[in-house]
Amino acid sequence: MILPVYITLIAVQVVGGVWLFVRGLRGGTGFPSCGGCGYDLTGSLGSVACCPECGSAFAEVGIDKPRRRQRPLLLVAGAALLITASCSLGIGLLG
Ligand SMILES: [Zn+2]
């Protein structure tokens with residue numbers, strides 16, 4: 001009776017840890033930004049020719065494309081969950 005619960009708990013930890021780790025590696029979606037100052041242009045892209053923050057013309061400074069950024073907190077959480085799962089598995093095998 002205890003063994004299925006134990007295996008389920010470890011499986012949930014492994015799946016959750018891998019999911020968090022992959023999400024952390026892939027990162028979140030970025031945003032288009034001003035090539036001059038890095039101002040977030042979400043929502044104003046296409047409606048203005050100059051940066052609302054620094055006033056630079058996009059024809060001169062350009063617009064930086066959205067880039068994915070890794071999420072360190074998700075990486076750490078995923079790694080911690082995987083370590084916990086491996087420790088639980090090790091304890092279960094030994095004890
Ligand atoms: Zn700007």
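1. Let's start with Arg26, which sits in helix 1, the helix covering residues 2–26. This is a predicted model, and in it Arg26 counts as partly exposed because 13 other C-beta atoms lie within 10 Å. If you follow the chain on from there to Val48, 22 residues along, the two C-alpha atoms turn out to be separated by 31 Å.

2. Gln13 is a second residue of helix 1 to look at. Is Gln13 buried or exposed? Gln13 is buried, because 20 other C-beta atoms lie within 10 Å, and 20 is the count at which a residue is called buried. Setting aside residues up to four places away in sequence, Gln13 touches Leu81, Thr84, Ala85 and Ser88. Phe31, by contrast, is 18 residues from Gln13 in sequence and 32 Å from it in space, C-alpha to C-alpha.

3. Those partners of Gln13 bring us to helix 3, which runs over residues 72–94. This helix has 23 residues, and from its first C-alpha to its last it reaches 33 Å, close to the 33 Å expected at 1.5 Å a residue. Gly78, Leu81 and Ala85 are buried in helix 3. Leu81 and Ala85 are also among the residues that Gln13 touches. As a reminder when you look at the spacing, an α-helix has 3.6 residues a turn, so residues three or four places apart point the same way.

4. Next, the domains. Which residues belong to each of them? Domain 1 is made of 1–28 + 70–95, while domain 2 takes in 29–67. Taken over C-alpha atoms, the centres of domain 1 and domain 2 are 40 Å apart.

5. On secondary structure, the protein has three helices and two strands. Read from the N terminus on, the order is α-β-α-β-α.

6. The loop between strand 1 and helix 2 holds Asp40. Asp40 is partly exposed, since 13 other C-beta atoms lie within 10 Å. What does Asp40 contact, leaving aside its neighbours within four places in sequence? Its contacts are Phe31 and Ser33. Asp40 can also be set beside Cys51: they are 11 residues apart in sequence, and their C-alpha atoms are 9.5 Å apart in space.

7. Leu45 is found in that loop too, between strand 1 (33–34) and helix 2 (58–61). Leu45 is partly exposed, because 13 other C-beta atoms lie within 10 Å. From Leu45 to Ile63 there are 18 residues in sequence and 9.2 Å in space, C-alpha to C-alpha. You might put this beside the Gln13 and Phe31 pair, also 18 residues apart in sequence, with 32 Å in space.

8. Finally, the overall form. The C-alpha trace spans about 65 × 20 × 15 Å along its principal axes. How does the radius of gyration of the protein stand against that of a compact globule of 95 residues? The protein has 22 Å, whereas such a globule would have a value near 12 Å. Buried residues make up 11% of the 95 residues; Gln13 is one of the buried residues. As for contacts between residues at least 6 apart in sequence, 67% of them join residues at least 24 apart.

Methods. Residues numbered from 1 in each chain as written. Predicted model: local features only at pLDDT ≥ 70, side-chain atom pairs only at ≥ 80, totals over all residues. Domains from an automatic or database assignment. Helix = DSSP H or I, 4+ residues; strand = E, 2+ residues; numbered from the N terminus. Expected span 1.5 Å × (residues − 1). Buried ≥ 20, exposed ≤ 12 C-beta atoms within 10 Å, placed from the backbone. Rg over C-alpha atoms; globule rule 2.2 N^0.38 Å. Contact = placed C-beta atoms within 7 Å.
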